[in-house]
Amino acid sequence: MTHDEPYGYLFAHFTGTEQTPDDEQIYFALSRDGLRWHDLRAYGDPVLRSPLGERGVRDPYIVREPDGRGAFLIATDLSIHHRGGDWATSDAKYRGSTSLVVWHSNDLAHWDEPWLLDVASSIPDAGYAWAPEAMWDERHGHYMLYWATLSEPDNTIGDPQNMYLATTTDFRSITTPVKWVDRERTCIDVTMMRVGDWYYRASAGDGIIHIDRARNPYAVSVAPRFADETGDANSWSFVADLDAIFAPSFNDICGGKPRSHELEGPELFRFNPPDAIVDGRSMPFGLIADRHAEHDGYIAFRSANLDSADATDWAYSDVDFGTLKKRHGTILPVSEQEYRALETLAR
């Protein structure tokens with residue numbers, strides 16, 4: 001996958017307070033270094049607004065086309081606001097949308113009309129399709145598309161909310177979904193990155209961000225806990241979790257509140273080469289996570305080696321995320337041409 005020399009970063013996100021229809025729409029922010037962000041538009045003026053399904057979108061993810069030019073934005077079709085504004089009474093977990101909202105763009109600044117992609121209705125008693133992400137598989141010539149769905153009949157162990165995987169070439173249709181991650185406790189919000197011959201996942205479960213790795217990204221994980229994974233290179237094997245890496249001060253790092261370490265919505269991304277050096281050392285991998293329990297927005301980390309549980313290979317990253325609260329979003333390196341085109345959306 002090729003595209004022009006990286007110049008900056010695009011952050012697509014929603015705001016997540018669910019008090020008005022504008023909270024669950026798509027906002028953009030830009031950064032030159034991945035550390036200081038400025039919002040393109042003020043609250044109430046999203047860049048993308050969904051007229052489809054539940055008329056609200058959350059958890060956006062942007063994936064480039066194989067040539068590196070065009071891109072798809074996929075998102076959860078969900079509006080808690082339109083469901084009454086209260087998670088406890090919304091019934092979104094059991095009677096939610098089984099479709100994703102999809103947009104396509106040739107330049108990241110101009111987006112075609114969205115469409116709905118049904119991904120979960122074939123899963124028995126599927127409650128919803130949430131938190132999608134996708135990755136282009138060059139070897140097989142398709143995208144890996146994965147998301148969370150609750151299904152009691154299809155569950156094997158523990159919590160019925162599991163991760164599913166399908167493939168697609170155009171985000172218009174998919175292969176039959178396969179249960180990809182099944183845990184004793186909840187698992188949601190998986191983000192994945194390829195580094196050389198290895199694939200790394202960061203997953204939210206029980207408020208903890210777990211990291212595992214495999215050479216075969218299609219391998220199915222059915223194990224009570226992440227730490228139970230001890231398979232060969234073609235299976236997913238546990239690396240570490242952020243709580244353990246940053247112990248004993250992790251709660252203080254996350255804000256010092258009683259529940260501030262309860263994280264979800266992890267997002268892995270790669271810093272552009274000029275931004276990868278920290279105090280003379282290469283730390284090219286970024287990982288952000290959402291402090292959902294305290295409604296504080298994102299906290300950021302970076303790593304020299306995603307295969308390491310050693311705290312010396314990790315660092316808390318002091319990031320200015322801008323004015324708008326950013327919930328469960330996606331960070332994409334962009335070229336200067338794309339950056340300038342995106343700047344024209346500001347108002």
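Helices and strands, as I will use the words, are DSSP runs numbered from the N terminus, a helix being H or I over at least four residues and a strand being E over at least two. With that in place, Gly44 can be put in the loop between strand 3 (38–39) and strand 4.

Before I go on, please keep in mind that this is a predicted model, in which local features need pLDDT of at least 70 and side-chain atom pairs count only at pLDDT 80 or more, while totals for chains, interfaces and linings use all residues. Residues are numbered from 1 along each chain as its sequence is written, and side-chain values use heavy atoms, with hydrogens and water left out.

Let me stay with Gly44 for a moment. Its relative accessibility is 30%, so Gly44 counts as partly exposed, given that buried means under 20% relative accessible area, exposed over 50%, and partly exposed in between, with a 1.4 Å probe and protein chains only. If we leave aside neighbours within four places in sequence, Gly44 is in contact with Asp22, Tyr27 and Arg49, where contact means heavy atoms within 4.5 Å. For Asp22, the C-alpha to C-alpha distance from Gly44 is 5.2 Å, although the two are 22 residues apart in sequence.

Next, the salt bridges, by which I mean a side-chain nitrogen of Lys or Arg within 4 Å of a carboxyl oxygen of Asp or Glu. The whole structure holds 24 of these salt bridges. In one of them Arg58 pairs with Glu18, with 2.8 Å between the closest N and O atoms. Arg58 belongs to strand 4 and Glu18 to the loop between strand 1 (6–14) and strand 2 (27–31), so this pair ties together parts that are 40 residues apart in sequence. Both Arg58 and Glu18 are buried, and a network of salt bridges links Glu18, Glu24 and Arg58.

A second pair is Arg185 with Asp206, at 3.6 Å from N to O. Here Arg185 sits in the loop between strand 11 (178–182) and strand 12, and Asp206 in the loop between strand 13 and strand 14 (208–214), so parts 21 residues apart in sequence are tied together. Asp206 is partly exposed, at 39% relative accessibility.

A third pair, Arg215 with Asp197, has an N to O distance of 3.7 Å. Arg215 is partly exposed at 37% relative accessibility, and Asp197 is partly exposed at 48%.

Arg58 also brings us to the second largest pocket, where about 720 Å³ of space lies. Of its 31 lining residues, those closest to the centre are Arg58, Trp87, Glu264, His292 and Arg327. Among the elements that give two or more residues to this lining are strand 4 (57–64), strand 8 (130–137) and strand 23 (327–335). The lining divides into nine nonpolar, ten polar and twelve charged residues, where Ala, Val, Leu, Ile, Met, Phe, Trp, Tyr, Cys and Pro count as nonpolar, Asp, Glu, Lys and Arg as charged, and the others, Gly among them, as polar. A pocket, on a 1 Å grid over the protein atoms alone, is an open set of points where a 1.4 Å probe fits, with protein on both sides within 12 Å along at least five of seven lines, and lining residues have an atom within 4 Å of a point.

Finally, how many disulfides does the structure hold? There are zero, a disulfide being a pair of cysteine sulfur atoms within 2.5 Å. For Cys187, the nearest cysteine sulfur is that of Cys254, 19 Å away. Cys187 is buried, with a relative accessible area of 0%, and Cys254 is likewise buried at 0%.

Key
Grid points are joined across faces, edges and corners, and a volume is the space filled by probe spheres set on the points.
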